[in-house]
Amino acid sequence: MVAAMEVMLSVQGLTRCYGRTAALQGLDFSLASGEVLGLLGPNGAGKTTCLRILAGNLAPSSGRVLVDGHDLARDPLRAKRRIGYLPERPPVHAEMRVDEFLDYCARLHRIPSRDIPRAVARCKRQCGLDGVGRRLLGKLSKGYRQRAGLAAALIHEPDLIILDEPTDGLDPVQIREVRGLIRELGNAAAVVVSSHALSEVQASCRRVIVLNQGAMLYDGRLDQPRDLLLRLKRPPPLSALLALAPVDDAAEQDGGFRVRLAAGTGADRLAEAVVDAGWGLIELTRERTDLERLFFRSIGMESAA
Amino acid sequence: MIRAIAAREWLSAFRTPVGWVLLAATQAILTYVLLEVVDDFTGTEPALRSAGINLELSHNLFGTAAVLLLLAVPLLTARALAADPRAPERQLLAAAPVSNGDILAGKFLALALLLLPVCLLPAALGLTLLGAAPVDPGLLLASSLGLWLSALLFAAVGLFAASLTIHPVASALAAYALLLMLSLLSRVEQLGADTLGVLDWLGWNQHLFWFLAGVVRLSDLAYFLLMTACFLALTLRRLDNLRLA
C-alpha cells in the first residue's frame with residue numbers, strides 16, 4: 001500500500017521516556033502522500049507526544065523520524081520545511097491581526113516576500129478566514145482561532161500535515177468544514193490527525209493507528225465494508241436467510257446472524273425483506289469494527305465492545 | 001527570518017502596555033531626577049559642586065536609568081524564552097524551519113530595539129537644557145552609548161537566565177542574582193582584598209562609569225561586547241540542549 005506511493009513519513013523505533021515513564025514505546029510506521037492517518041487513543045495514550053516528535057518539537061529518546069527522506073534530528077530545517085503542524089492549542093498571538101499573523105508564519109517558513117500575499121489569501125479562503133483578516137486574534141472566537149492555527153499550518157503548502165485534535169472546540173458546522181478540508185488535503189499530502197473521538201477518525205481518515213500507554217495496538221485501514229448484525233424473534237434456518245435477495249453472505253453469531261449485504265442494496269432492503277418474511281425483526285445494527293473493539297479493549301472496557 | 005521574529009516581538013511589546021509602561025515610568029522617574037539636578041544649579045545660592053552640570057547630568061540621569069534598566073530587563077526577558085515548551089508561541093517557532101540561533105538573535109534584536117528609546121530618554125531630557133545651560137552633546141552621546149551597551153548586557157544575562165527554567169518568576173530572580181553579582185564584583189575591595197585582578201574587570205558598573213565620564217575606551221567597548229556575546233553563546237548552548245529535556 002505504502003510502497004506503491006511516495007513515502008512521506010517514516011517512523012522507526014520511536015521511543016520517548018519522561019524519567020522512568022515511557023510515553024512512547026518503539027513506534028514503527030510509514031505514511032505515503034495521499035494518505036490520511038488517524039492517531040486514536042484515550043487521553044494520556046501518547047498521541048500528543050508522538051505528534052510533537054513528528055513535528056520536530058520534541059526529540060525522541062531513541063528512534064528516527066524521516067520526512068521525505070530527511071532525518072528530523074540530523075537535518076531539522078530541511079525536514080521542517082515539509083511539515084505543517086497544528087498543536088493542541090492553536091499557536092496564535094492574541095495581539096496580532098489575522099493577516100499579520102499569517103504573514104509572520106509565511107516568513108517563518110521562508111516563503112519569498114513576493115509570494116506571501118498570494119499564500120495568505122489562499123489559506124484564508126481555504127480555512128474560511130476571508131472576512132476577519134483585519135481582526136485581532138485575541139478578539140476572535142475559539143473556532144476562528146483554531147482556523148487561524150490551521151491556516152498557519154498550511155501556509156507553506158506542506159507535504160506532511162500534522163493536526164492535533166483539529167476539531168476540538170468547533171461547532172458542528174465548523175467540524176464538518178474542517179473534516180472536508182482534511183479529506184481535501186489528503187488528496188495530495190500525507191495527513192496525520194490525532195483524536196480521542198472514534199467518530200472524528202472515522203469521518204476523516206482512511207487509516208488508523210490505535211495507541212495506548214505509548215504502544216501501538218492496531219494499524220489498519222478503515223474503508224473496508226462492515227457487516228450487519230441481525231437479531232430476530234423467530235429465527236429461520238440459515239439457508240432461508242441466505243435465500244433473501246439483499247443477502248450476499250450470512251453466518252450465525254451470538255444467537256443472531258452476521259449478514260453481508262449484496263452489492264447495490266442497503267440495510268433498509270434487508271429490513272423490509274425480514275419483516276415481509278414474518279421473522280419478527282428485533283435488532284439490525286452495523287457490526288463494530290476491529291477499531292472499536294481494540295479501542296475499548298485499550299481503555300479497559302472490553303465488555304462494552 | 002531574524003527580522004521577522006524581532007518585528008513580531010517588538011510589535012507585541014507596543015501592542016500590549018509593556019513598552020509604553022516602560023517608557024512612561026522611565027520618563028517620569030528621570031524627569032524627577034533632572035529637576036533635582038537642575039535645582040542644585042538654580043536659586044539665589046549657586047551650586048558649590050566640583051562637578052559641572054554636564055557630569056551631574058550624566059551621572060544622575062544615566063546612573064538612574066542604568067538602575068531602572070537593571071530592574072526592568074529581567075522582567076522583559078523572563079517570558080522571552082521561559083514560557084512553557086508547550087505554549088503556543090514556543091510550538092510555532094519550534095515547528096518552523098528556524099534554528100535556535102535565529103530565534104535567539106530575533107529575540108535579542110527585538111530587546112535591543114525596545115531598549116534603544118529607553119536609553120535615549122536621558123539624553124533627550126538633558127538636551128532640553130540646551131538653550132539654558134552649556135550642555136555637552138558629546139558627553140550625552142557617549143553616556144547613551146554606554147547605557148545601551150549595559151542594557152544589551154542585561155538583556156543577554158536575562159535571556160540566559162530565561163533559558164534555565166520554564167518558570168518566568170524563577171528566571172527573573174536568577175537574572176537579578178547574576179546581575180547583582182556582576183554589579184558587586186568590583187566592590188570586593190571592601191572585603192579586604194588588595195588587588196582584584198580579573199574580578200575588577202568583570203563588574204559592569206565601572207565600565208559604564210567611563211562612558212558617563214565621556215570617555216569611550218576600546219577596552220570598555222570590548223568588555224560589553226564580549227560579555228554580551230558570552231551570555232548569548234551560553235543561552236544558545238542551553239537552548240540546543242533543551243529539546244532533549
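**Helices, a sheet and a contact in a predicted model**

Biologist: How do the axes of helix 6 (residues 137–164) and helix 7 (residues 168–184) of chain B lie with respect to each other?

Modeller: In this predicted model, the two axes come within 8 Å and cross at roughly 135 degrees, where axes are lines fitted to C-alpha atoms, for helices over the stretch in contact, and angles run from 0 to 180 degrees between N-to-C directions. Helices (H or I, at least four residues) and strands (E, at least two) are DSSP runs, numbered from the N terminus. Residues are numbered from 1 along each chain as its sequence is written, while chains are lettered from A and ligands numbered from 1 in the order in which they are written. Local features need pLDDT of at least 70 and side-chain atom pairs count only at pLDDT 80 or more, whereas totals for chains, interfaces and linings use all residues.

Biologist: Why are helix 6 and helix 7 of chain B called oblique?

Modeller: Angles under 35 degrees count as roughly parallel, over 145 as roughly antiparallel, 65 to 115 as roughly perpendicular and the rest as oblique; the crossing is at roughly 135 degrees, and therefore helix 6 and helix 7 of chain B are oblique to each other.

Biologist: Which residues make the contact between helix 6 and helix 7 of chain B?

Modeller: Residues are in contact if their C-beta atoms, placed from the backbone, lie within 7 Å. Helix 6 of chain B brings, among others, B:Phe154 and B:Val157, and helix 7 of chain B brings residues including B:Leu178 and B:Leu179. By class, this contact has nine nonpolar, two polar and no charged residues, with Ala, Val, Leu, Ile, Met, Phe, Trp, Tyr, Cys and Pro counted as nonpolar, Asp, Glu, Lys and Arg as charged, and the others, Gly among them, as polar.

Biologist: What makes up the side of chain B that touches chain A?

Modeller: The contact takes 18 residues from chain B and 22 residues from chain A. On the side of chain B, helix 4 gives the most, with six residues, and that side divides into ten nonpolar, four polar and four charged residues.

Biologist: What makes strand 12 (247–253) and strand 14 (281–286) of chain A edge strands?

Modeller: Two strands pair if DSSP finds at least two bridges between them. Four strands of chain A form an open antiparallel sheet in the order 12-13-11-14, and strand 12 and strand 14 of chain A each pair on one side only. Strand 11 (residues 228–232) and strand 13 (residues 256–261) of chain A, in turn, pair in the antiparallel sense over three bridges.

Conventions. Contact = placed C-beta atoms within 7 Å.
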